[in-house]
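Subject: The model for you to look at

Hello,

Here is the structure I promised to pass on. Please open it alongside this message, and then read on for what turned up.

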Amino acid sequence: GQRLTETHLSELLGVSRTPIRQALPVLARDRLIEASGAGFIVREVPQSEILECVEIGGLLESAAVKALADDGASRAVVTRLNQIIRIGDSILEKGFVNAEDCQPFHEMNEDFHALIVDAARRPLLIDMIDRLNFSHRSLPFMAFNEAHLVEVYQVWCVGHHQHRSMLGAIEKGDGFRPAAI
């Protein structure tokens, strides 16, 4: 709920107020900030919206997996997806996670999904996923609380199992399988 002013932002960023004035409505359109009176405030994102974004992202990525499975993935894409999965395996194989695992797992997850989306070669789908990802880039990959490492490990295991299922659908050319993942 922090108030945003053109003057403060222009001073903070070292630019004139004109680009700030142009950027604020775009950020509001992307739901990162919201209009409030004569200005803007940083928007608080409710948990229900985060969950909705995850659900919508999953549906869009399922369409990317279907497209890739239907069109046939190159050997290079399949090889790289397998390499990425092995990175996830190495993080999870010890049977627990710690704070140091968060960044590598997040990077592995991002690389996996980005490769699928890019390899699907569907410009509109890529644009929709990019827009969803950009609008919620500031949202954490997962609220990482050391008191909940057992739950984090379990969630990551489920997600990584889904990675394997997606790769299996792509390798088998099974465009119907992603809808069930």
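To start with one residue: does R43 count as buried or exposed? With a relative accessibility of 10% or so one might hesitate, so let me give the exact figure: R43 has 12% relative accessibility and therefore counts as buried, the cut-off being under 20%. Please keep in mind that this is a predicted model. R43 sits in the loop that leads from β3 (39–42) to α3. Leaving aside residues up to four places away in sequence, R43 touches R31, L32, I33, E34 and E49.

**The chain as a whole**

The chain has seven helices and three strands. Read from the N terminus, the order of these elements is β-α-α-β-β-α-α-α-α-α. Along the principal axes, the C-alpha atoms fill a box of roughly 55 × 40 × 30 Å. Of the 181 residues in the chain, 36% are buried. Among contacts with a separation of 6 or more, 70% are between residues 24 or more positions apart.

**The nonpolar cores**

In soluble globular proteins, nonpolar side chains tend to be buried together. Here the largest nonpolar core has 35 residues, and the members that touch the most others are L81, V97, F112, I116, W156 and I170. Two or more residues of this core come from each of α3 (47–71), α4 (75–92), α5 (102–120), α6 (123–135) and α7 (149–172). Which of these helices gives the largest share? That is α5, with nine residues. There is also a second, separate core of six residues, with L4, L9, L24 and F40 among them.

**How the helices pack**

Two packed helices are described by the angle between their axes and the distance between the axes. I went through three pairs with that in mind.

The axes of α4 and α5 come within 9 Å and cross at roughly 160 degrees. The two helices are therefore roughly antiparallel to each other, as angles over 145 degrees count as such. Their crossing is left-handed. On the α4 side the contact is made by V77, R80, L81, I84, I85, I87, G88, I91 and L92, and on the α5 side by P104, F105, M108, D111, F112, L115, I116 and A119. By class, these residues are 14 nonpolar, one polar and two charged. L81, F112 and I116, which take part in this contact, are also among the core members that touch the most others.

Next come α5 and α7, whose axes come within 12 Å and cross at roughly 25 degrees. That makes α5 roughly parallel to α7, since angles under 35 degrees count that way. This crossing, too, is left-handed. From α5, the residues C102, F105, M108, N109, F112, H113 and I116 meet W156, H160, H163, M166 and I170 of α7. This contact has eight nonpolar, four polar and no charged residues. W156 and I170 of α7 are again on the list of core members with the most neighbours in the core.

The third pair is α3 and α7, with axes 7 Å apart and an angle of about 30 degrees. α3 and α7 are therefore roughly parallel to each other. Here V65, L68 and A69 of α3 meet M166, A169 and I170 of α7. By class, the contact has six nonpolar residues, no polar ones and no charged ones. M166 and I170 thus appear in the contact with α3 and in the contact with α5.

**Two more residues to look at**

D101 lies in the loop between α4 and α5. At 10% relative accessibility, D101 counts as buried. Which residues does D101 touch, not counting those up to four places away in sequence? They are I91, K94, F96 and W156. Of these, I91 also belongs to the contact of α4 with α5, and W156 to the contact of α5 with α7.

Q22 is in helix α2 (residues 17–29). With 55% relative accessibility, Q22 counts as exposed, the cut-off being over 50%. Q22 and F105 are 83 residues apart in sequence, and their C-alpha atoms are 36 Å apart in space.

Happy to go through any of this with you once you have had a look.

Best wishes

Terms used: Residues are numbered from 1 along each chain as its sequence is written. This is a predicted model: local features need pLDDT of at least 70, side-chain atom pairs count only at pLDDT 80 or more; totals for chains, interfaces and linings use all residues. Side-chain values use heavy atoms; hydrogens and water are left out. A nonpolar core is a set of buried Ala, Val, Leu, Ile, Met, Phe, Trp, Tyr and Cys residues joined through side-chain atoms within 4.5 Å. Buried means under 20% relative accessible area, exposed over 50%, partly exposed in between (1.4 Å probe, protein chains only). Helices (H or I, at least four residues) and strands (E, at least two) are DSSP runs, numbered from the N terminus. Axes are lines fitted to C-alpha atoms, for helices over the stretch in contact, and angles run from 0 to 180 degrees between N-to-C directions. Angles under 35 degrees count as roughly parallel, over 145 as roughly antiparallel, 65 to 115 as roughly perpendicular and the rest as oblique. A crossing is left-handed if the near helix is turned anticlockwise from the far one by less than a right angle, and right-handed if clockwise. Contact means heavy atoms within 4.5 Å. Ala, Val, Leu, Ile, Met, Phe, Trp, Tyr, Cys and Pro count as nonpolar, Asp, Glu, Lys and Arg as charged, and the others, Gly among them, as polar.
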